[in-house]
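Ready for some practice in reading a protein structure? Have a look at the model below, then try each exercise before you read its solution.

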Amino acid sequence: MDSEAFTGVRVVELAQWVFVPVAGALLADWGAEVIRVERPTGDPYRQLATQRIGADSDGVNLSVALANRGKRSVSIDLGTARGRELLHELLAGADVFLTNFRPGALERLGLDAERLTSRYPRLVYARGHGFGVRGPGADKPGYDSSAFWAQGGVAHVLTPPERDYPISQRGAMGDRNGALALGFGISAALLRRERTGSGGIVDVSLLASAMWMLSSDVLAALSGTRPRAVSGRGGSVNPLVGSYRTKDGRHIQLVFLESDRYWADFCRLIGRTELIEDPRFVDLAARGTNLAECVAELEAEFDKRTFQEWKDLLADLDAPWAPVQAVEELLDDPQVRANQYVGQVELEDGRTYSLPTGPVQLDEHPPQLRRAPEHGEHTEQCLLDLGYSWDQIIELKDAGVIP
C-alpha cells in the first residue's frame, strides 16, 4: 500500500536551523514536495559544528541530513524585489507555507500571515516560533535551549536541587518535539481545507511545546502544588517504581504501578517467596508504610546480579520494566531493529548513512528516507519547472537574485 500520505502536497519552506525544517522533513518523508528556500549564503545550520555530526563531521553532515531529508533546495536573495517575486511564483502553486522567521522579518518581506492568507486563500500558513505570536516576546529570537529548555521550565524540573547550575539539554530536544506538533497541526489544517476549501494559520511555539511535555507538572502548579524533582532511585514513592542498581553498576527500571498485581510473581521470580506474605509488604498500603524497609530488601536483591543477569531473569516476567540503556546500546536493541527505527539513506555514488526514521509509521512501515539537498541544488530545476528559460535563469544569476 502506498504510504506517502502527502503525495501531491507542495510545501514552500522558508526556515532555518532545526525546529521548523524538521517539520518539513517529516512532511517530505510522507511524500510532500518540500521546496526549501535558502538565502545565498545558505542556512547557518549547515556550518554548525556539534558532536562530530555537523560541520565537524568527516563525512555527511548528519545534523543537516536529519532536518532536511527528502527536500529540494532553492537559493534566492529575498532582499531583492525580483527574489521576492520568485518566492511568490512558488507560493502560487503551494499548499503550505512553512516558516520560522520572526514576525518583524516576515512583515518587512511582505510575507506576514494576513497578507499571504488574503492573497492565497487556500494556503496553509504554518509558523514555528519561540514564545508565541502575541505578547512582549513575540518578536524575540528563540532557540530550544532558551524558549523550550530554560523558559519552558524543563531545565528547572530536571535539575537536581543540589546542583549549582541547571543541567544542559541534549541537542535540539525541544526542536524535534515541536516539529512533531507542527506537522500534526499542518495535517489538521490540510484536512480542514479539504472539507471547507479554506487554508488557515497553524502556530506552534517551543514554549507551548515545553508546557505540553510538562503537563503533569503544569497541572500540579495549577492546583497549587509546587512541582518537585523526584529521585530516579527505586522507591521514592512506590518501592516497585524506579531504578535499581545492579551488581556491576548498571540500572534496571521497574514500573510496577499496579504493584499488588505484580508483587507475588516478582517475589517468586527472585526466589524470595517469604516476602509475599510478609505483613510489612503484603499489599500496596503496607509497602508504602514500610517503604524504606521494602526498598532496602529490593536493593540488596538487585546487588546480587549483574545487569545482563537481571535482563535474562526478567525477560519472561509479564510486567513493565526496562534496562536503563546508553544511547549507543539502542542501535542494537532488538526492538529498534525489528521496527526499523533506524533507516538508511542511499546516495547516488552507492554510499549509505543511517538516520532515525521517526516515531510515526503508516501501514506498519517507516518512511522511505531520501537524502538532504545541497545548498541551492535545485534552484535551476525549480525555475525550469516554473517555465523559465535558461536565458532567463542566467539573467537572474547576473542580477544576483540567485547564486
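Three short exercises with worked solutions follow.

This is a predicted model, in which local features need pLDDT of at least 70 and side-chain atom pairs count only at pLDDT 80 or more, while totals for chains, interfaces and linings use all residues. Residues are numbered from 1 along each chain as its sequence is written, and side-chain values use heavy atoms, with hydrogens and water left out.

**Exercise 1. Work out the strand order of the open sheet of 3 strands, and find the helix that packs on it.**

Step 1: Recall that strands of a sheet pair through backbone hydrogen bonds, either parallel or antiparallel.

Step 2: Read off the order, which is β7-β8-β9 with antiparallel pairing. The edge strands, each pairing on one side only, are β7 (241–245) and β9 (321–323). Strands are DSSP runs of E with at least two residues, helices are runs of H or I with at least four, and both are numbered from the N terminus. Two strands pair if DSSP finds at least two bridges between them.

Step 3: Zoom in on one pair. β7 and β8 (residues 251–255) are joined antiparallel over 5 bridges, and R245 stands opposite H251 in β8.

Step 4: Add the helix. α14 (residues 307–314) packs on the sheet and touches β8 and β9; contact means heavy atoms within 4.5 Å. The direction of α14 makes about 30° with that of β8. For such angles, axes are lines fitted to C-alpha atoms, for helices over the stretch in contact, and the angles run from 0 to 180 degrees between N-to-C directions.

**Exercise 2. Are D43 and R36, which form a salt bridge, buried or exposed?**

Step 1: Check the bridge. A salt bridge is a side-chain nitrogen of Lys or Arg within 4 Å of a carboxyl oxygen of Asp or Glu. In D43 and R36 the closest N and O atoms are 2.3 Å apart.

Step 2: Check the cover. Buried means under 20% relative accessible area, exposed over 50%, and partly exposed in between (1.4 Å probe, protein chains only). D43 and R36 are both buried.

**Exercise 3. How does the salt bridge between R82 and E85 sit in helix α3?**

Step 1: Find the distance, which is 3.3 Å from N to O.

Step 2: Locate the partners. R82 and E85 lie in α3 (residues 81–91), 3 residues apart, about one turn of the helix.

Step 3: Classify them. R82 counts as partly exposed because its relative accessibility is 28%. E85 is partly exposed too, at 43%.
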